[in-house]
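Subject: Structure handover and notes

Dear colleague,

I am passing on the structure below, together with some notes on its packing. Please read them alongside the coordinates.

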Amino acid sequence: MKKFLIALLSVTLFSCSSDSNSNPEPPVNTDVFIRGADMSYLPLIESEGTVYKHNGTNQDPIITLKNAGCNAIRIRLWQNPSDGHSGMAEVKTFAQRVKAAGLKVWLTVHYSDTWADPAHQTKPIAWQSLTFSNLKTAVTDYTNLVMTEINPDIIQIGNETNDGMLWPEGKLSTNESQYLELVSAASAAIRSKSTTTKIMLHHGGLSGSDWFFSKVANIDYDYIGLSYYPIWHGTSLVTLQNTINTLGQLYNKKVIIAETAYAFTFDYNDYTNNIIGLPSQILPAFPATPTGQKGFLSTIKNTITQSNYGLGFCYWGSEWVAFRGPTSTNGSSWENQALWDFNNNSLPALEVFNAE
C-alpha cells in the first residue's frame, strides 16, 4: 500500500495539448462496467467467527454486495504464504464461492509469498535461488496452474508493479528487458489457457503511471489498472480524470481504478492503529461520515463514467472490519474504511454499486 508521490504535470500537460485528430478512437466498449470489491480477507475473518449484517440481519457479505449491484470480487493470491491465507487452496475455494454467486472473479496475482506493492516485490522463497531462465519458466508454470485451478474473469500480472516485480531480476528501473520478459511469459500463459480472461497491469497511484505504461506498451494485455487513495495520491479528482483520459487515449485501453477506499469515521473499533485518522488525509468535500464515504465513492464512479476510457472501480478493504475484538492489536488498520460499520452492518456506500 505504499505509494510513489511524484508530480503528474507532464501527464496533465499532454492531456491538454494532444491533437485529438492524431489519436485513435476510444476502444469499443463491449465489456461490462466493473463495480468491484476486494474481499481478500473474508475467508480469514469468517474463520474467526465474524458475521456480517445487512439492515441488522445476518447476511453473507457476498450476497449483500451482489444485491447492491457489485458484479466482481477481487481476491489476492500469494504463492506460498506462511499461514496459508491468500494461498492457492483458500483462494480457489473462495473463487468458487464467488462464481456460484454469479459474480466475476478478479484475481490479483502478487507473484510473491506476501504483500507486493511499489516498495516490495519479493520473490517467493521457493524461487529465490533460480536463474533468470528458470525464474521465467516458474512464472509460466505458476501462471498456467493459476489459470487451470481458478480460471478468473480478470487477472492482474502482479500488484502495484510501479517498478516491476520479482526483484531484483524483474525490477523495471534496473532490469527493464527482464521484467518485460517475465510479464510477457505470464501474459502468454494466460492467453494459452483462456480466450476470455482479461489481463490487467496495475500501477499504484497516478504519478509515474505514464512512465510505467510507456514501458509495457508492447505487452499483450487488456486493462490499465490504477490505485487511487487521497492520502497517498493527492486530492485532485481533476488529476485523476486527466490520468484516466491520457493513459486510455495513449494506449487505447480501458482504465479501471483497481483500488480505492474512504473513511466513514475517524474513530477506532480495536487497538490496531488505523491508516486514516486525520482530516488532512481525506478530501475536504467529503467528511469522514457514512454519507461522506458514499459521496466520495459516488464521485469516483462518476469521474470514471465520464471518461470514454473508464471501465470501473474496485473498493479495497471492503470486508476488513475489526474482527478480533475491541482490544486487539492485530485486528484491522482499516475498519473505519470498510463497507460495514462497527456493528458489522452494511453502510450506505454500498448503494453506489448500483448499475445506474
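The notes below cover the basis of the values, the nonpolar cores, one helix pair and one serine.

This is a predicted model, in which local features need pLDDT of at least 70 and side-chain atom pairs count only at pLDDT 80 or more, while totals for chains, interfaces and linings use all residues. Residues are numbered from 1 along each chain as its sequence is written, and side-chain values use heavy atoms, with hydrogens and water left out.

The largest nonpolar core (buried Ala, Val, Leu, Ile, Met, Phe, Trp, Tyr and Cys residues joined through side-chain atoms within 4.5 Å, where buried means under 20% relative accessible area with a 1.4 Å probe, protein chains only) has 92 residues, and L65, I73, Y111, F213 and F353 have the most contacts inside it. Helix α5 (residues 132-149; helices are DSSP runs of H or I, at least four residues, numbered from the N terminus) supplies the largest share of this core, seven residues. A second, separate core of 10 residues includes I34, I154, Y223 and C314.

Leaving aside neighbours within four places in sequence, F213 is in contact (heavy atoms within 4.5 Å) with residues including L201, H203, Y221 and Y251.

The contact between α9 (residues 237-251) and α10 (residues 290-305) is made by L237, L240, Q241 and I244 of α9 and T299, I300, T303 and I304 of α10.

S332 counts as buried because its relative accessibility is 0%. Its side chain has a polar atom 2.7 Å from the backbone oxygen of W320 and reaches the backbone nitrogen of W334 at 3.0 Å.

Best regards

Notes. Buried < 20%, exposed > 50% of the residue type's maximum accessible area, 1.4 Å probe, protein only. Helix = DSSP H or I, 4+ residues; strand = E, 2+ residues; numbered from the N terminus. Axes fitted to C-alpha atoms, helices over the stretch in contact; angles between N-to-C directions. Polar contact = N/O pair within 3.5 Å; in protein donor to acceptor, adjacent residues only side chain to side chain.
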